[in-house]
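User: I want to learn how to read a model like this one. Please show me the structure, and then we can go through its features.

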Amino acid sequence: NFKTFSIVGKERRLLWQLGYQRILGDPESPINCFIEGGPLVTMAKLEKNQISINSLQIDLTTYYDQFGYPIQNARVRTGVSIGAFAGLGININTGSKWTMQVLYNPSWEKIKLGDNYKFKMQHTLGIRGYYNF
């Protein structure tokens, strides 16, 4: 018999994007489409990784001896990597000093946590607000 148990993980990410954005269509129109792209830097930090076996919680970031006693905590898993992003969305001029954007950003990046990391596609949906001076 095989039983399945849940593994739960938690991480934080901080992204820096430097890119070019182009508004398509008439810039005076209240709604336009846009495209964007450029390089990015991703910093990731592992906060939690544990397995739940029935009512037993086992922290997977800790090393245990053969009797189940914790002997060493794993080092804080953080990593910084580079990649590239693209994007498209809708630019909405609200008529006041605010501009809103609804966007989709696919990116090609590494999340540098652990020992086995490689470039993969990440997907982001978002809303931006700009205050126009």
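User: Where is Asn 132 found?

Analyst: Asn 132 sits in the segment after β9. One caution before we go on: this is a predicted model.

User: Is Asn 132 buried, partly exposed or exposed?

Analyst: Relative accessible area decides that, and the partly exposed class runs between 20% and 50%. Asn 132 has 34%, so it is partly exposed.

User: What does Asn 132 touch, beyond its sequence neighbours?

Analyst: Leave out residues up to four places away, and Asn 132 touches Lys 97, Trp 98 and Thr 99. Compare sequence and space for one of these. Asn 132 and Trp 98 are 34 residues apart in sequence, yet their C-alpha atoms are 6.0 Å apart.

User: Which side chain makes a polar contact with that of Asn 132?

Analyst: The partner is the side chain of Thr 99, at 2.9 Å. A polar contact needs a pair of N or O atoms within 3.5 Å.

User: And how is Thr 99 placed?

Analyst: Thr 99 lies in strand β8, which covers residues 98-109. Its relative accessible area is 7%, so Thr 99 is buried. Besides Asn 132, its contacts beyond four places in sequence include Asn 91, Ile 92, Asn 93, Arg 128, Gly 129 and Tyr 130.

User: What about the residue just before Asn 132?

Analyst: Tyr 131 belongs to strand β9, residues 120-131. It is partly exposed at 42% relative accessibility. With residues up to four places away left out, Tyr 131 touches Lys 97 and Trp 98. Now look along the chain: Tyr 131 and Phe 2 are 129 residues apart, and their C-alpha atoms are separated by 56 Å.

User: Let me step back. How many helices and strands does the chain have?

Analyst: Zero helices and nine strands. Read from the N terminus, the order is β-β-β-β-β-β-β-β-β.

User: Why is the chain called more spread out than a compact globule?

Analyst: Compare the radius of gyration with the value from the globule rule for that chain length. Here the radius is 21 Å, well over the 14 Å that the rule gives for 133 residues, so the chain is more spread out than a compact globule. The spans go with this: the C-alpha trace covers about 70 × 30 × 30 Å along its principal axes.

User: How do I read burial and surface for the whole chain?

Analyst: Take the buried share, then the exposed area. Of the 133 residues, 21% count as buried. The chain exposes about 10100 Å², and carbon and sulfur atoms supply 58% of that.

User: And the charges?

Analyst: Count them, then compare their mean positions. There are 15 positive and 9 negative charges, with mean positions 4 Å apart.

User: What share of the contacts joins residues 24 or more positions apart?

Analyst: Among contacts with a separation of 6 or more, that share is 60%. Leu 40 gives a case. The C-alpha atoms of Leu 40 and Ile 82 are 5.7 Å apart, with their positions 42 residues apart along the chain.

User: Where does Leu 40 sit, and is it buried or exposed?

Analyst: Leu 40 is in strand β3. At 2% relative accessibility, it counts as buried. Leaving out residues up to four places away, the contacts of Leu 40 include Leu 15, Trp 16, Phe 85, Ser 107 and Glu 109.

User: Can a buried residue in that strand be polar too?

Analyst: Take Asn 32, also in strand β3, residues 31-53. It is buried at 6% relative accessible area. A polar atom of the Asn 32 side chain lies 2.9 Å from the backbone oxygen of Asp 26. Among the residues that Asn 32 touches are Ile 23, Pro 27 and Ile 90.

User: Now a backbone feature. What is the phi of Asn 54?

Analyst: Asn 54 has a positive phi of about 55°, although it is not a glycine. It lies in the loop between β3 and β4. With a relative accessible area of 67%, Asn 54 is exposed.

User: One last pair. How far apart in space are Val 102 and Asp 115?

Analyst: Their C-alpha atoms are 35 Å apart, with 13 residues of separation in sequence. Val 102 lies in strand β8. At 44% relative accessibility, Val 102 counts as partly exposed.

Note on methods:
Residues numbered from 1 in each chain as written. Predicted model: local features only at pLDDT ≥ 70, side-chain atom pairs only at ≥ 80, totals over all residues. Heavy atoms only, no water. Helix = DSSP H or I, 4+ residues; strand = E, 2+ residues; numbered from the N terminus. Rg over C-alpha atoms; globule rule 2.2 N^0.38 Å. Buried < 20%, exposed > 50% of the residue type's maximum accessible area, 1.4 Å probe, protein only. Contact = heavy atoms within 4.5 Å. Areas by Shrake-Rupley, 256 points an atom, 1.4 Å probe, with all protein chains shown as cover. Lys, Arg positive; Asp, Glu negative; His and termini not counted. Charge placed at Lys NZ, Arg CZ, Asp CG, Glu CD. Polar contact = N/O pair within 3.5 Å; in protein donor to acceptor, adjacent residues only side chain to side chain.
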